[in-house]
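Please open the model in your viewer and keep the sequence panel beside it. The tour below goes from one selection to the next and says what is found at each stop.

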Amino acid sequence: MAIRIRGIGTALPERIVTNDDLSRVMDTSDEWIRARAGIGSRHVDGITSEMAIEAGANALKAADISPADIELLILCTTTPDQTFPATSAVVQSSLGLGCGAFDVNAVCAGFAYGYVAAYGMMVAPTGPDRVLLIGSDSMSSITDWTDRGTAILFGDGAAAVVMERHVQGEMLAFDLGADGNLASILYCDHDAKIQMEGREVFKKAVRAVTRSVENVLEKAGIGADDVDVVLPHQANIRIIEAVCQRLGIPMEKTHNVLETTGNTSGASIPLAMARAEADGALAPGRIVLMSGFGAGMAWGSVVVRW
Ligand code: COA
């Protein structure tokens with residue numbers, strides 16, 4: 001038995017902040033942000049539940065199924081609407097679902113963790129036949145808009161996938177990791193804004209992702225050359241380039257949205273997946289690699305035969 005992705009949906013809030021907008025309120029420039037991060041603009045003012053509901057509804061529509069067909073909802077978010085209830089409960093009722101629902105918080109590695117959790121439950125005896133897996137984050141709500149070290153990087157968005165038991169879509173391997181010793185280089189306290197040591201995060205991220213991808217490929221028994229499609233966490237194009245260079249994977253295999261979204265945390269990998277689908281890259285049998293990393297530090301890589 002395997003698990004395919006039957007439908008993908010996305011949602012991005014209307015309001016867009018460009019690099020030029022930022023350069024009017026802080027000491028930065030479009031050239032600097034594009035050169036150092038590959039980001040040109042980001043969506044802001046999104047509410048996690050609202051974006052998740054819109055993306056979830058779009059995924060149900062793309063999959064051509066009704067809410068009653070979904071047997072579990074998992075929401076990957078680090079910006080829940082409230083401390084509790086879990087935002088997934090609000091999303092569940094708004095979408096008309098009758099199933100269980102829970103949030104996953106592994107920050108920017110959230111979607112990889114959520115995918116593995118969903119897959120594991122679905123292949124278990126009496127597990128759900130269909131899961132709605134959503135990544136949604138309102139990073140603008142925890143961004144200090146006077147801090148040029150972080151404000152240039154983050155944005156809001158959501159993307160959702162309908163996962164379904166099927167003959168195709170086998171997960172070949174996963175690698176999940178965390179190192180709480182690095183919690184202090186990227187964190188956000190309650191009722192506070194993101195704090196980050198950018199250069200440190202950059203270095204640690206390149207190392208962690210490279211190692212994680214090496215691990216997951218080894219577990220899957222395949223080489224970097226066998227990977228057809230890469231869906232990287234959309235934090236910084238230079239991190240993606242550095243990792244690809246170390247692994248010997250051509251950048252052409254990556255599918256990216258960060259130029260117009262920035263880092264949307266839990267939504268980042270599924271937004272890249274939606275881009276890959278739009279690019280016509282997600283054909284059955286192709287080897288797809290997803291890899292995320294972020295605060296924790298936590299990271300996760302998954303290899304799927306689509
Ligand atoms: N605009 C213009 N100049 C800026 C700037 C900005 N937004 N931010 C920093 N600078 C300046 C610095 O003050 C520094 O100036 P100095 O040399 O005079 O001291 C110079 O640019 C270089 O700063 P540095 O921090 O070394 O830049 P960098 O190349 O590391 O890029 C980041 C900064 C934040 C873009 C980069 O470190 C990064 O992306 N890190 C990873 C962050 C991340 O992905 N976080 C999320 C993980 S999920």
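**Starting at the surface**

Begin by selecting Glu 14, which is exposed, with a relative accessible area of 80%, and bear in mind throughout that you are looking at a predicted model. Glu 14 sits in the loop that runs between strand 1 (2–11) and strand 2 (16–18). If you now add Phe 293 to the selection, you have two residues that are 279 residues apart in sequence, with 27 Å between their C-alpha atoms.

**Into the nonpolar core**

Stay with Phe 293, since it belongs to the largest nonpolar core, a set of 51 residues, and is listed among those with the most contacts inside it, together with Leu 217, Ile 239, Ile 249, Leu 289, Met 297 and Val 303. When you colour the core by element, you will see that helix 2, helix 7, helix 8, strand 12 and strand 13 (298–305) each supply at least two of its residues, and that helix 7 gives the largest share, ten residues. The core also draws at least three residues from each of domain 1 (2–166) and domain 2 (170–305).

Before leaving, select Met 297, which lies in the loop between strand 12 and strand 13, and look at the peptide bond that leads to it from Gly 296: this bond is cis, with omega near -15°.

**Around the ligand**

Next, select the ligand and the 24 residues around it, of which Thr 28, Arg 36, Gly 198, Arg 199 and Asn 236 come nearest. Which kinds of residue make up the shell around the ligand? They divide into twelve nonpolar, seven polar and five charged residues. Helix 7 (198–220) is among the elements that each supply at least two residues of this shell, and with four residues helix 7 provides the largest share. Both domain 1 (2–166) and domain 2 (170–305) contribute at least three residues each to the shell.

Three contacts are worth displaying as dashed lines:

- From Asn 236, a polar side-chain atom lies 2.7 Å from an oxygen atom of the ligand.
- From Gly 198, a backbone N or O atom is 2.9 Å from a nitrogen atom of the ligand.
- From Arg 148, an N or O atom of the side chain is 2.9 Å from an oxygen atom of the ligand.

On its own the ligand has 950 Å² of accessible area, and the protein covers 74% of it.

**A buried glutamine**

Now move to Gln 234, in the loop between strand 11 (229–232) and helix 8. Is Gln 234 buried or exposed? Gln 234 counts as buried because its relative accessible area is 0%, which is under the 20% cut-off. A polar atom of its side chain lies 2.7 Å from the backbone oxygen of Pro 232, and a polar contact of 3.0 Å joins the side chains of Gln 234 and Asn 256.

**Backbone details**

For the last stops, show the backbone and select Phe 84 and Pro 85, which are joined by a cis peptide bond with omega about 0°; Pro 85 lies in the loop between strand 4 and helix 4 (87–94). Then select Val 107, which has a positive phi of about 50° although it is not a glycine, and which counts as buried at 18% relative accessibility. Finish at Ser 265, in the loop between helix 9 (258–261) and helix 10 (268–278), where phi is positive at about 55° although the residue is not a glycine; Ser 265 is buried, at 1% relative accessibility.

Technical notes: Residues numbered from 1 in each chain as written. Predicted model: local features only at pLDDT ≥ 70, side-chain atom pairs only at ≥ 80, totals over all residues. Heavy atoms only, no water. Near = heavy atom within 4 Å. Polar contact = N/O pair within 3.5 Å; in protein donor to acceptor, adjacent residues only side chain to side chain. Areas by Shrake-Rupley, 256 points an atom, 1.4 Å probe, with all protein chains shown as cover. Nonpolar A, V, L, I, M, F, W, Y, C, P; charged D, E, K, R; others polar. Domains from an automatic or database assignment. Buried < 20%, exposed > 50% of the residue type's maximum accessible area, 1.4 Å probe, protein only. Core = buried A, V, L, I, M, F, W, Y, C linked by side-chain atoms within 4.5 Å.
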